Amino acid sequence: MTIKIIDVKNYDRLKLANDYLRRADSKLEEAKKYLNEDYKHPLSISASQEVTEFSIKAVLILMIGKYPKTHEFADEEIKKLMQETSELILKHYPLCPFNKRVFILPMFWSKFYQTVKYGDDILGTSDSLFGRKEAELALNHAEECLSNANMLNYTVLENVSMSEDNIIWNKNE
């Protein structure tokens, strides 16, 4: 039995998700580069944060076709999208080693978005507030998000049957 989850003209959904994964990979390289440069740890954190955002947006696009167009990942609507996505992954790809913990990471780093980018009027500049340890943590979280998104993408692509008019997910069910 084949389950048709979505109907996608011109494979736009897969293209968009893969574009976000390529962008995430590029930002990951940027984060690694800045990690090893003095006074650029906030730039590394910012690039890592973008990796988490692009990765999770790719996951949301793959599974439900929409994603938040914001840096704030904490509101209830986004949490509902993440819950729906987790349920779809478990239902349709139970063998995929996707860890839903990665949904928390963009929420965590979004709390620091403004301060990492611009510093704080009272606390000081971003490079005085964020050092190598914070940049390493952000990079580890970014790698975890991207790795999970890539695993899901690979699993989805293995289970997709393409025709001219649509994409049918789970071709082997």
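**Notebook: helix packing and buried sites**

I began with a pair of helices: H2 (residues 41-64) packs against H3 (residues 76-92) at an angle of about 60 degrees, and their axes lie 10 Å apart. The model I am reading is a predicted one.

I next asked how this pair should be classed. Angles of 65 to 115 degrees count as roughly perpendicular and those under 35 degrees as roughly parallel; H2 and H3 are therefore oblique to each other. I also looked up the handedness, and the crossing of H2 and H3 is left-handed.

I then listed the residues that form this contact. From H2 I noted Ile-56, Val-59, Leu-60, Met-63 and Ile-64, which meet Leu-81, Met-82, Glu-84, Thr-85, Leu-88 and Ile-89 of H3. Sorted by class, the contact of H2 with H3 comprises 9 nonpolar, 1 polar and 1 charged residues.

**Ala-58 in H2**

I turned to Ala-58, a residue of helix H2. Is Ala-58 buried or exposed? Its relative accessibility is 0%, so I entered Ala-58 as buried. With neighbours within four places in sequence left aside, I found Ala-58 in contact with Ala-17, Tyr-20 and Leu-21. I also checked Ala-58 against Leu-14: the two are 44 residues apart in sequence, and their C-alpha atoms are 8.9 Å apart in space.

**Ser-86 in H3**

I looked up Ser-86, which belongs to helix H3. Its relative accessible area is 12%, and the cut-off for buried is under 20%, so Ser-86 counts as buried. Which residues does Ser-86 contact, leaving aside its neighbours within four places in sequence? I recorded Lys-100 and Phe-103.

**Cysteines**

I searched for disulfides and found that the structure holds 0. A disulfide is a covalent bond between the sulfur atoms of two cysteines. I examined the accessibility of two cysteines as well. Cys-96 has a relative accessibility of 8% and therefore counts as buried. For Cys-145 the value is 0%, so Cys-145 also counts as buried.

**The whole chain**

I closed with the overall layout. The protein has 7 helices and 2 strands, and from the N terminus on I read the order of its elements as α-α-α-α-α-α-α-β-β. Of its 173 residues, 47% count as buried. Finally, I looked up how the contacts are distributed along the sequence: among those with a separation of 6 or more, 72% are between residues 24 or more positions apart.

Technical notes. Residues numbered from 1 in each chain as written. Predicted model: local features only at pLDDT ≥ 70, side-chain atom pairs only at ≥ 80, totals over all residues. Heavy atoms only, no water. Disulfide = S-S within 2.5 Å. Buried < 20%, exposed > 50% of the residue type's maximum accessible area, 1.4 Å probe, protein only. Axes fitted to C-alpha atoms, helices over the stretch in contact; angles between N-to-C directions. Helix = DSSP H or I, 4+ residues; strand = E, 2+ residues; numbered from the N terminus. Parallel < 35°, antiparallel > 145°, perpendicular 65-115°, else oblique. Left-handed = near helix turned anticlockwise from the far one by under 90°. Contact = heavy atoms within 4.5 Å. Nonpolar A, V, L, I, M, F, W, Y, C, P; charged D, E, K, R; others polar.
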